[in-house]
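Work through the exercises below with the sequence and the structure at hand. Try each task before reading its solution.

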Amino acid sequence: VSQSRYAFLFKAGTTTTLAGSYYAGSSGTAANPVIYGVYDPATGRRLANQVGAATISCGGGAFQAFDIFNCNFVEISNLNFTGKTGATNAYITVGGSSTNCMVRNCSFASTTSDAIVVGTTAGGHIIQGNRITSGSRNAIVVNLFSNDSSSAVLFNRVDNCSDRGIWIYDQYGGRIFSGVIAGNSVNDCRAVDCGAIEIISIGGAPKVYRNTVSRARTGVRVVSSGGFSTVGSDFSGMSVESNYVTNCEYGIGFGGTYGAWVIQGNLVEKCGSYDNVNPIDANAFGRGIELFAAIDAMSVMDGVVRWNFVTGCYNWQATAAPGSEGVGIGIDDRCRNISVYGNVTYRNGGNGIQLNVSNGIIVSGNIGIDNFTVTYSCQDYLKADIMFAATPGSLVFNNTIIQTGRVNQRVGISDSIFASSGSVIRNNLCFSPILAAARYNSSTTTESLNVCVGPAVAANMSDVMVLS
């Protein structure tokens with residue numbers, strides 16, 4: 001081991017077995033952080049960018065390896081952590097009033113506990129470039145004991161955790177998170193009702209972008225700690241952007257979020273199955289982007305869903321309401337004043353866009369291509385590219401819907417059999433629908449100026465099919 005005032009370095013290629021936790025005892029500065037890292041014996045110089053270059057083993061103990069408490073500007077880097085047992089204690093904890101600490105380029109394997117846990121009354125922490133595999137409960141946890149607008153979780157690789165990959169959590173303490181989660185890869189975190197990347201807070205303006213997620217219950221999940229989907233919190237300024245999410249039950253899911261937030265530019269595919277063969281569980285759910293509020297809450301409001309590409313979601317016959325899943329974009333249950341525009345939905349098993357029991361939703365300028373691919377028997381009103389049910393005051397206009405010859409999608413747009421008072425279907429362009437551009441309940445929905453382009457067979461081609 002090489003030690004100086006600011007650096008405590010382990011020799012590359014060696015293993016150090018701890019008899020108990022190592023407690024960091026001093027702080028550094030922005031210019032001279034305290035570093036626990038690795039040096040190259042050939043040069044005597046510190047290694048900066050090699051992941052897991054020296055091993056720290058807990059030797060089968062259940063204690064945490066490093067405990068940083070009330071220390072500032074401390075860095076743990078380039079170490080490989082192994083040999084820990086038990087579900088309690090993480091390999092690395094950062095607590096108390098610590099600020100501006102960093103864990104980077106470390107590796108963690110075969111643990112039944114969390115890998116990295118930060119829980120401080122200050123922020124500015126960076127967790128970057130780590131590799132966490134095989135059995136961790138939650139790979140990276142940031143517990144909020146104060147509002148945090150400056151911490152960042154960047155470019156980590158997480159595989160095979162039993163719970164969450166990246167978890168921001170305010171402990172129901174009424175705190176906000178406005179930090180950054182970007183460039184991470186999170187795979188195979190399949191716990192029930194958890195997100196591979198999950199934020200539970202009383203609000204904030206987090207930036208979640210350019211992450212890759214596969215095989216999780218929800219890829220990116222943001223909910224209000226004020227009551228999950230029953231009591232909304234202000235997430236104005238939040239963006240979930242340019243992520244790639246595949247083979248999750250729900251690709252991106254929001255609950256209890258209001259304010260000027262945005263979900264944009266994401267690629268979401270194959271939701272509803274981990275293996276493209278079987279449903280994820282007995283519920284057989286599967287949706288690309290899902291906004292959800294509990295009964296009568298109207299707690300998801302005022303946001304924008306735009307410029308996303310959603311494809312290949314699974315619509316399993318095993319659901320309680322066959323045909324209702326496999327949705328590209330679901331504005332589902334008690335949402336209000338959401339704008340959905342500029343999205344492309346392609347070959348999803350269910351509706352490209354589905355609005356359900358919500359209010360004042362604007363659906364405009366989207367392109368739907370060959371959605372509702374399933375061929376089994378289900379309710380006829382579901383067989384549409386855009387379907388809305390009990391969604392009063394909504395506007396569906398200037399969308400383009402294309403069918404290239406399959407027969408299960410019957411119409412371009414359907415307002416189902418459930419009243420959507422004051423809703424308008426207008427100026428949509430539908431290519432080759434089997435029955436009509438729009439199917440609607442004439443007593444509650446207004447239709448005008450929709451255009452059909454397709455087979456010149458009067459018997460099966462009309463602008464509107466009106467239900468009596």
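**Exercise 1. Pairing of strands**

Which residue in E29 is the bridge partner of Val213?

Solution. The model is predicted, and its strands can be taken in order.
- Step 1. Strand E25 covers residues 212–216 and strand E29 covers residues 244–246; the two pair in the parallel sense over three bridges.
- Step 2. Within this pairing, Val213 has Val245 in E29 as its bridge partner.
- Step 3. E25 also has a pairing with strand E22 (residues 185–189), to which it runs parallel, with four bridges joining the two.
- Step 4. In E25, Ala216 is the residue that stands opposite Cys189.

**Exercise 2. Two residues with positive phi**

Say for Asp188 and Arg210 whether each is buried or exposed.

Solution.
- Step 1. Asp188 is not a glycine, yet its phi is positive, at about 60 degrees. Arg210, also a residue other than glycine, has a positive phi near 55 degrees.
- Step 2. Asp188 has its place in strand E22, whereas Arg210 lies in the loop between strand E24 (207–209) and E25.
- Step 3. Buried means under 20% relative accessible area. Asp188 has 15%, so Asp188 is buried.
- Step 4. Exposed means over 50%. Arg210 has 63%, so Arg210 is exposed.

**Exercise 3. Ile56 and its surroundings**

Find how far Ile56 is from Phe81 in sequence and in space.

Solution.
- Step 1. Ile56 lies in strand E7 (residues 54–57).
- Step 2. Along the sequence, Ile56 and Phe81 are 25 residues apart, while their C-alpha atoms are 5.0 Å apart in space.
- Step 3. Not counting residues up to four places away in sequence, Ile56 touches Phe81 and others, including Phe10, Phe66 and Leu79.
- Step 4. The relative accessible area of Ile56 is 1%, so this residue is buried.

**Exercise 4. The nonpolar cores**

How many residues has the largest nonpolar core, and which have the most contacts inside it?

Solution.
- Step 1. In soluble globular proteins, nonpolar side chains tend to be buried together.
- Step 2. Here the largest nonpolar core has 91 residues. Those with the most contacts inside this core are Phe66, Leu79, Phe81, Trp261, Leu291 and Ile338.
- Step 3. A second core, separate from the largest, has eight residues, among them Phe372, Tyr381, Met387 and Ala389.
- Step 4. Take Leu79 as an example. Leaving aside neighbours within four places in sequence, Leu79 is in contact with residues including Tyr36, Val38, Ile56, Phe66 and Cys106.

**Exercise 5. A buried and an exposed residue**

Decide whether Thr345 and Ala260 are buried or exposed, and list contacts of each.

Solution.
- Step 1. Thr345 is in strand E41 (residues 344–346). Its relative accessibility is 1%, so Thr345 counts as buried.
- Step 2. Beyond four places in sequence, the contacts of Thr345 include Val310, Ile329, Ile353, Ile367 and Asp385.
- Step 3. Ala260 is found in the loop between strand E31 (257–258) and strand E32 (262–264). Its relative accessibility is 57%, so Ala260 counts as exposed.
- Step 4. Ala260 touches Ser236, Gly237 and Asp302, with residues up to four places away in sequence not counted.
- Step 5. Ala260 and Val304 are 44 residues apart along the chain, and 7.4 Å separates their C-alpha atoms.

**Exercise 6. Empty space**

Which residues line the largest cavity?

Solution.
- Step 1. A search of the whole structure finds one cavity of 30 Å³ or more. The space in the largest cavity is about 40 Å³.
- Step 2. Its lining is made of Val118, Thr120, Ala122, His125, Val142, Asn143, Leu144, Ser146 and Asp148.
- Step 3. Strand E14 (116–120) and strand E17 (140–144) are the elements that give two or more residues to this lining. E17 gives the most, with three residues.
- Step 4. For a pocket, turn to the second largest, which holds about 210 Å³ of space. Of its 14 lining residues, the closest to the centre are Ala321, Ser324, Gln354, Asn356 and Leu382.

**Exercise 7. Confidence**

Where does pLDDT stay under 50?

Solution.
- Step 1. For the protein chain the mean pLDDT is 89, and 92% of its residues reach 70 or more.
- Step 2. Over residues 456–461 pLDDT stays under 50, and the model has seven contacts beyond four places in sequence for them.

Definitions and conventions: Residues are numbered from 1 along each chain as its sequence is written. This is a predicted model: local features need pLDDT of at least 70, side-chain atom pairs count only at pLDDT 80 or more; totals for chains, interfaces and linings use all residues. Side-chain values use heavy atoms; hydrogens and water are left out. Buried means under 20% relative accessible area, exposed over 50%, partly exposed in between (1.4 Å probe, protein chains only). Contact means heavy atoms within 4.5 Å. A nonpolar core is a set of buried Ala, Val, Leu, Ile, Met, Phe, Trp, Tyr and Cys residues joined through side-chain atoms within 4.5 Å. pLDDT is the predictor's confidence in each residue, from 0 to 100. Two strands pair if DSSP finds at least two bridges between them. On a 1 Å grid over the protein atoms alone, a cavity is a set of points where a 1.4 Å probe fits but cannot get out, and a pocket is an open set with protein on both sides within 12 Å along at least five of seven lines; lining residues have an atom within 4 Å of a point. Grid points are joined across faces, edges and corners, and a volume is the space filled by probe spheres set on the points.
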